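Q: Please give a close account of one part of this structure for a reader who has not seen it before. Begin with a single position, and then follow the elements around it.

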Amino acid sequence: MTELLNKPVKNNNLSQHILPSSATMIGVCITALSIIKLARFSGLAIWLSHLLALNSLVFLTSGILSYAAMRSSRSARLEQYADIAFIFGLILLSLSTVFMAVVID
């Protein structure tokens, strides 16, 4: 992970792709959370709802960092952080999906 932060990034406007994708992923998390709440699952579903809420905050962080990268003179560093947060959010969302399959089944 340290190599990723120290590696220079080309200015390819990655932030312009991360920002709308992060907003979409927040919507996905909210939709999944709503399904769990409406179906009134119990037990492990409480942990899943917390995991999805945390995941939406990770995507929010990614979106804020990508927006800040578009507005800042230190855009390369902020863009790297936004990218890392976005990838972490995708991993967390994938784990949430597997967890959801276990809880609902």
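A: Leu 44 is located in the loop that lies between helices α2 and α3. The model in which it is seen is a predicted one. With a relative accessibility of 44%, Leu 44 is classed as partly exposed, because that class covers values from 20% to 50%. When neighbours within four places in sequence are set aside, the contacts of Leu 44 are Phe 99 and Val 103. Of these partners, Phe 99 is 55 residues away from Leu 44 in sequence, yet the two C-alpha atoms are 8.9 Å apart in space.

The loop that holds Leu 44 comes after α2, and this helix deserves attention next. Helix α2 comprises residues 15-39. Its 25 residues, at 1.5 Å a residue, should span 36 Å, and the C-alpha atoms at its ends are indeed 36 Å apart, in agreement with that expectation. Following α2 is Arg 40, a residue with a positive phi, near 55 degrees.

Which residues of α2 are buried? They are Ser 15, Ile 18, Ser 22, Met 25, Cys 29, Ala 32 and Ile 36. A general property of helices helps in reading such a list: an α-helix has 3.6 residues a turn, so residues three or four places apart point the same way. The cover over the buried residues of α2 includes α3, which spans residues 45-71, and α4. Each of these two partners may be taken in turn.

Two packed helices are described by the angle between their axes and the distance between the axes. For α2 and α3, the angle is about 165 degrees and the axes are 8 Å apart. Helix α2 is therefore roughly antiparallel to α3, since angles over 145 degrees are placed in that class. The crossing in which α2 passes α3 is left-handed. Sorted by class, the residues of this contact are 16 nonpolar, 9 polar and 1 charged.

The second partner, α4, is made up of residues 75-104. It packs against α2 at an angle of about 25 degrees, and the two axes are 11 Å apart. Helix α2 is thus roughly parallel to α4, because the angle falls under 35 degrees. This crossing, too, is described as left-handed. The residues in the contact of α2 with α4 comprise 11 nonpolar, 3 polar and 2 charged. On the side of α2, those taking part include Ser 15, Ile 18, Met 25, Cys 29, Ala 32 and Ile 36. On the side of α4, they include Ala 82, Phe 86, Leu 90, Leu 93 and Met 100.

Helices α3 and α4 also pack against each other, at an angle of about 160 degrees and with their axes 8 Å apart. That angle makes α3 roughly antiparallel to α4. The contact of α3 with α4 has 23 nonpolar, 6 polar and 1 charged residues. The crossing of this pair is left-handed.

Individual residues show how these helices meet. Ser 66 belongs to helix α3. It is buried, its relative accessible area being 0%. Beyond its neighbours within four places in sequence, Ser 66 is in contact with Ser 15, Ile 18, Leu 19 and Ala 82. Of these partners, Ser 15 and Ile 18 are themselves among the buried residues of α2, and Ala 82 is one of the residues of α4 that meet α2.

Leu 51 is a further residue of α3. Its relative accessible area of 21% makes it partly exposed, because the class of buried residues requires a value under 20%. Leu 51 stands 18 residues from Leu 33 in sequence, with 9.4 Å between their C-alpha atoms. With neighbours within four places left out, Leu 51 touches Leu 92, Ser 96 and Phe 99. Phe 99 was met above as a contact of Leu 44.

Ser 96 forms part of helix α4. It has a relative accessible area of 1% and is buried. Apart from neighbours within four places in sequence, Ser 96 is in contact with Leu 48, Leu 51, Leu 52 and Asn 55.

The wider setting may be given last. The chain has 4 helices and 0 strands, in the order α-α-α-α from the N terminus. Of its 105 residues, 31% are buried. Among contacts between residues at least 6 apart in sequence, 80% link residues at least 24 apart.

Notes
Residues numbered from 1 in each chain as written. Predicted model: local features only at pLDDT ≥ 70, side-chain atom pairs only at ≥ 80, totals over all residues. Heavy atoms only, no water. Axes fitted to C-alpha atoms, helices over the stretch in contact; angles between N-to-C directions. Helix = DSSP H or I, 4+ residues; strand = E, 2+ residues; numbered from the N terminus. Parallel < 35°, antiparallel > 145°, perpendicular 65-115°, else oblique. Left-handed = near helix turned anticlockwise from the far one by under 90°. Contact = heavy atoms within 4.5 Å. Nonpolar A, V, L, I, M, F, W, Y, C, P; charged D, E, K, R; others polar. Expected span 1.5 Å × (residues − 1). Buried < 20%, exposed > 50% of the residue type's maximum accessible area, 1.4 Å probe, protein only.
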